[in-house]
Amino acid sequence: MSDDRRLIDLLDRLARVAGNDRNALGLNPVQWEALRFFARANRFSCNPSGLRQYLGVTKGTVSQTIIALEKKGLLKKAPDPQDRRGVEVRLTASGKKLLADDPLNRWQADLAALPSAKRRSLESALGDLLRAALHNRERQPFGFCRDCVHFLRHHENGEPHFCALLEAPLSDDDSALICREQSPG
Ligand code: SF4
């Protein structure tokens, strides 16, 4: 077996272990991913089409997922201040509370078994691999705002930062969110 084939099998098994952890507390895996997405997406991305791009699923799946999470009282929709015809989707207080018990938190204990240097190099390698996989499939990276080529730190028109692409002020909190327009710097 080649080294790369071994690596692919390891990634596949890890994804399966993570998948087994995901069916928990009455939510299916896509519903968990939607909750995580809306907790981390910035104001330009926290809408149904942002979720569709992020997950790479159909409009129907996104719509059913959002309806199911609204019925459970975990998500709420509001008019999108950026787009009069659009909606913004955010977590309710119950959604935030449930997310604190995210089943993927179990990985923190698993990762703690690795030395810090190994964790950091794993983070770097997996980040590179994910970017390459998304690029090869023509999908958006949805990286952090602060790592974007358009992010202008401490700009005169910022709060304190500024987005050169969308011409919008950005806060420190915004800089730590993910964005559909992100272009890695
Ligand atoms: S700087 Fe980049 S990531 Fe941040 S809001 Fe602008 S386009 Fe999105």
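Select Val89 and bring up its surroundings: leaving aside neighbours within four places in sequence, Val89 is in contact with Phe38, Cys46, Asn47, Pro48, Ile66, Leu75 and Lys77. Contact here means that two C-beta atoms, placed from the backbone, lie within 7 Å. Before you click on, bear in mind that this is a predicted model, where local features need pLDDT of at least 70, side-chain atom pairs count only at pLDDT 80 or more, and totals for chains, interfaces and linings use all residues. Residues are numbered from 1 along each chain as its sequence is written.

Is Val89 buried or exposed? Val89 is buried, because 22 other C-beta atoms lie within 10 Å. (A residue is buried at 20 or more such atoms, exposed at 12 or fewer, and partly exposed in between, with C-beta atoms placed from the backbone.) Val89 sits in strand 2; strands (E, at least two residues) and helices (H or I, at least four) are DSSP runs numbered from the N terminus. For a longer hop, pick Leu134: its C-alpha atom is 24 Å from that of Val89, and the two are 45 residues apart along the chain.

Next, colour the largest nonpolar core, which has 27 residues. Such a core is a set of buried Ala, Val, Leu, Ile, Met, Phe, Trp, Tyr and Cys residues joined through C-beta atoms within 7 Å. Leu35, Phe38, Leu75 and Cys179 have the most contacts inside this core. Helix 2 (29–40), helix 3 (48–55), helix 4 (59–71) and strand 2 (83–91) each supply at least two of the core's residues, and helix 2 gives the largest share, four residues.

So select helix 2. Its buried residues are Gln31, Trp32, Ala34, Leu35 and Phe38. Look down the axis: these buried residues fall within an arc of 160 degrees, so they line one face of the helix. (The arc is that of the directions from the helix axis to the C-beta atoms.) They pack against helix 1 (3–22), helix 3, helix 4, strand 1 (75–80), strand 2 and helix 5 (93–99). Zoom in on Leu35 and, skipping neighbours within four places in sequence, you'll find Leu69, Leu74, Leu91, Gly95 and Leu99 in contact with Leu35.

Last stop: the open sheet of three strands, in the order 3-4-5 with antiparallel pairing. Strands pair if DSSP finds at least two bridges between them. Strand 3 (151–152) and strand 5 (168–170) are the edges, each pairing on one side only. Strand 3 joins strand 4 (residues 161–163) over two bridges; click Phe151 and its bridge partner in strand 4, Cys163.
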